[in-house]
Amino acid sequence: MTHSISTLSDSLTTAGSGAANRPTERRTWTPARLFFGTSAGLLLGTVGYDWLRHDFENVDSVQRFVRSLGIGVSISVDYGWTMWRLKEDDPDYSYIMSELHLRSAEKILRGCLANGGLYIKLGQGVATFSHIIPKEYIQTMRKLEDKCLTRKSGEVKRLFEQDFGQAPEDMFDQFDYEPIAAASLAQVFRGVTKEGHKVAIKVQYADLRKRFDGDLRTIIFLQDLVGLMHKNYNFGWIAKDLQNTLREELDFIHEGKNSERCAEDLKNHDHIYVPKVIWKYTKERVLTTEFIDGCKISDHEGLKRLKANLAHLDTRLFQAFAEQIFRTGFVHADPHPGNIFVRNHPTSGRLQLVLLDHGLYGKLSLEVRNNLSRFWEAIVLKDHADMKKYAKALNVEDYKTFAEILLQRPLEVRGSKMSTRLTNEDLAYMSAQAKDHFDKVMTTLKSMPRNIIFVLRNLNTIRSIAWDHGDPVDRAKVMARCAIAALRQTNRSFGMYVNAMFRRVRFEYYLWKSSFQFWLVGCYLRVLTGLGRAPADTTHLLRGHVVDV
């Protein structure tokens with residue numbers, strides 16, 4: 001046993017001595033190793049510096065950019081591969097395309113939620129194009145209207161301490177940290193003031209201001225990138241031109257002032273209400289208003305409980321925003337369904353529309369408003385000479401395309417009266433226009449006064465709301481009446497007043513004449529059907545039309 005241990009010891013000693021006598025291997029730094037080693041060191045150093053000084057702000061910005069680019073490439077490849085192997089006469093064509101749309105929409109939704117901020121606002125904008133975008137996108141993107149993003153632990157409390165010098169629970173008698181709604185730039189919380197008033201507290205995402213410029217540059221870059229692949233499809237110029245206006249949304253004091261001006265402008269419309277701002281509890285990143293009980297204008301079950309007449313509701317909605325577009329020139333540019341509530345008036349019990357989120361507004365000069373009013377009147381009267389005249393006054397040459405952009409429907413229709421609801425033929429036409437004549441659309445958008453972009457956003461959003469309600473009223477006619485009334489109010493001279501009154505009488509006569517002709521045709525068809533001289537299904541020609549309001 002002792003001999004064995006001695007032998008083992010000698011062996012280990014010999015082995016160790018041999019290892020010591022061998023020359024040490026030296027690691028050589030090849031150019032590749034040097035490059036990767038230096039790059040890794042710089043990367044770690046950059047990330048560490050960004051963590052210490054900016055709380056990973058720049059790293060997150062790069063991550064959002066890479067995520068957005070990846071989603072765009074993934075969707076493009078998915079559509080390209082599917083369309084390459086799929087034929088329109090395939091019996092499963094509709095099902096496969098529906099699955100493809102849904103898959104792509106969910107990718108965009110996840111990307112918007114992961115990126116937050118401006119990306120959510122873009123996603124909300126997508127949800128308003130219900131007349132040309134597949135329903136899978138609309139249904140998916142609508143989740144962004146009130147989807148609450150995840151905040152970092154203690155973020156809300158720290159923001160209040162930075163802006164007010166105290167925590168929310170110290171400022172308010174009650175403050176619920178569970179958000180009840182979300183906007184693209186903020187979340188909304190429920191609270192009760194020390195005075196006992198129920199309030200809604202809108203709190204901005206803490207890192208939003210830091211990331212705003214970087215995200216805006218990313219969005220513009222991605223739009224320009226799309227423009228390289230699809231020459232006519234590039235909306236980056238809109239973001240470039242309107243970036244200062246978009247930046248104003250970051251200031252909630254500015255939003256509070258906008259809401260007060262909106263309330264003043266619409267004070268004669270008792271069916272419209274704007275929540276009062278509680279300035280004591282408001283800063284640039286926190287906006288506190290009175291709390292409103294109601295339901296979203298897109299909540300069909302809630303509207304049923306309120307026994308809402310959708311035709312009356314939509315008429316009031318059109319009138320309110322037509323007042324802004326044609327008379328005041330101070331236009332709410334983000335009236336998506338999450339920003340419009342319906343409630344019973346606290347005293348009268350009548351239905352009332354409540355306008356929320358006043359961060360983004362467009363301003364129109366008197367000259368632009370007057371020309372836009374006359375152009376809208378000419379659309380309804382089918383006066384092509386006046387359409388051309390007033391479109392040119394707005395720097396637009398292609399008046400037909402301009403009219404269709406405003407209406408979001410074909411300008412030329414068959415018959416003496418337009419249906420209020422888009423038919424399948426109308427939808428196919430607008431889709432073809434967007435696809436095959438995008439150059440004309442883009443040229444028209446670029447030529448018109450820039451702030452009309454906000455009008456188009458407003459019109460498209462309320463059109464989407466009405467479409468969801470079944471288009472119970474003729475939006476073009478309701479707004480045309482408001483346009484003529486605005487001309488009468490803004491032109492103070494006696495001669496202009498008389499001219500405006502004449503235009504109103506002529507307009508009403510045209511509508512009466514159109515309705516009377518339609519009624520005569522209807523009676524004639526019903527008589528022929530009763531006598532067996534016309535097929536019974538002829539009366540379907542009368543459906544889809546409504547009585548003038």
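Of the 549 residues in the protein, 46% are buried, and it should be kept in mind from the start that the model shown here is a predicted one. The protein has 21 helices and eleven strands. If we take the contacts in the protein between residues with a separation of 6 or more, 68% of them join residues that lie 24 or more positions apart. With that outline in place, we can go through a few parts of the chain one by one.

A good place to begin is helix α11, which runs over residues 252–265. This helix has 14 residues, and the distance from its first C-alpha to its last is 20 Å, close to the 20 Å that would be expected at 1.5 Å a residue. At the start of α11, a side-chain oxygen of D251 comes to within 3.0 Å of the backbone nitrogen of I253. Looking along the helix, the reader will find that its buried residues are F252, E255, G256, N258, S259, C262 and D265, and two of these deserve a slower look.

The first of the two is N258, which is found in helix α11. N258 has a relative accessible area of 5%, and because buried means under 20%, N258 counts as buried. When residues up to four places away in sequence are not counted, N258 touches F330, H358, G359 and Y361. One of these partners, H358, also takes part in a more specific approach, for the side chain of N258 reaches the backbone oxygen of H358 at 3.0 Å. The same part of the chain can be followed through the C-alpha atoms, since those of N258 and D357 are separated by 9.4 Å, although the two residues are 99 residues apart along the chain.

The other residue to consider is D265, which also has its place in helix α11. Is D265 buried or exposed? Its relative accessible area is 16%, and this value lies under the 20% limit, so D265 is buried. Leaving aside the neighbours within four places in sequence, D265 is in contact with E323, R327, T328 and F330. The residue F330 is thus one that we have already met, as it is among the residues touched by N258.

We now turn to a pair of helices. Two packed helices are described by the angle between their axes and by the distance between those axes. In this protein, the axes of helix α15 (residues 384–393) and helix α16 (residues 399–407) come within 9 Å and cross at roughly 90°. Because angles of 65 to 115 degrees count as roughly perpendicular, α15 is described as roughly perpendicular to α16. On the side of α15 the contact is made by H384, M387, K388 and A391, and on the side of α16 by Y399, K400 and F402. Sorted by character, the residues of this contact divide into four nonpolar, one polar and two charged.

Finally, two loop residues invite attention through their backbone angles. K382 sits in the loop between α14 (366–381) and α15, and its phi is near 55°, a positive value in a residue other than glycine. D471 lies in the loop between α19 (452–468) and α20 (475–490), and its phi, near 50°, is likewise a positive value in a residue other than glycine. As for their surroundings, K382 counts as partly exposed at 40% relative accessibility, whereas D471, with a relative accessible area of 9%, is buried.

Note on methods. Residues are numbered from 1 along each chain as its sequence is written. This is a predicted model: local features need pLDDT of at least 70, side-chain atom pairs count only at pLDDT 80 or more; totals for chains, interfaces and linings use all residues. Side-chain values use heavy atoms; hydrogens and water are left out. Helices (H or I, at least four residues) and strands (E, at least two) are DSSP runs, numbered from the N terminus. Buried means under 20% relative accessible area, exposed over 50%, partly exposed in between (1.4 Å probe, protein chains only). Contact means heavy atoms within 4.5 Å. The expected span of a helix is 1.5 Å times one less than its number of residues. A polar contact is a pair of N or O atoms within 3.5 Å; within protein, one must be able to donate a hydrogen and the other to accept it, and residues adjacent in sequence count only if both atoms are side-chain atoms. Axes are lines fitted to C-alpha atoms, for helices over the stretch in contact, and angles run from 0 to 180 degrees between N-to-C directions. Angles under 35 degrees count as roughly parallel, over 145 as roughly antiparallel, 65 to 115 as roughly perpendicular and the rest as oblique. Ala, Val, Leu, Ile, Met, Phe, Trp, Tyr, Cys and Pro count as nonpolar, Asp, Glu, Lys and Arg as charged, and the others, Gly among them, as polar.
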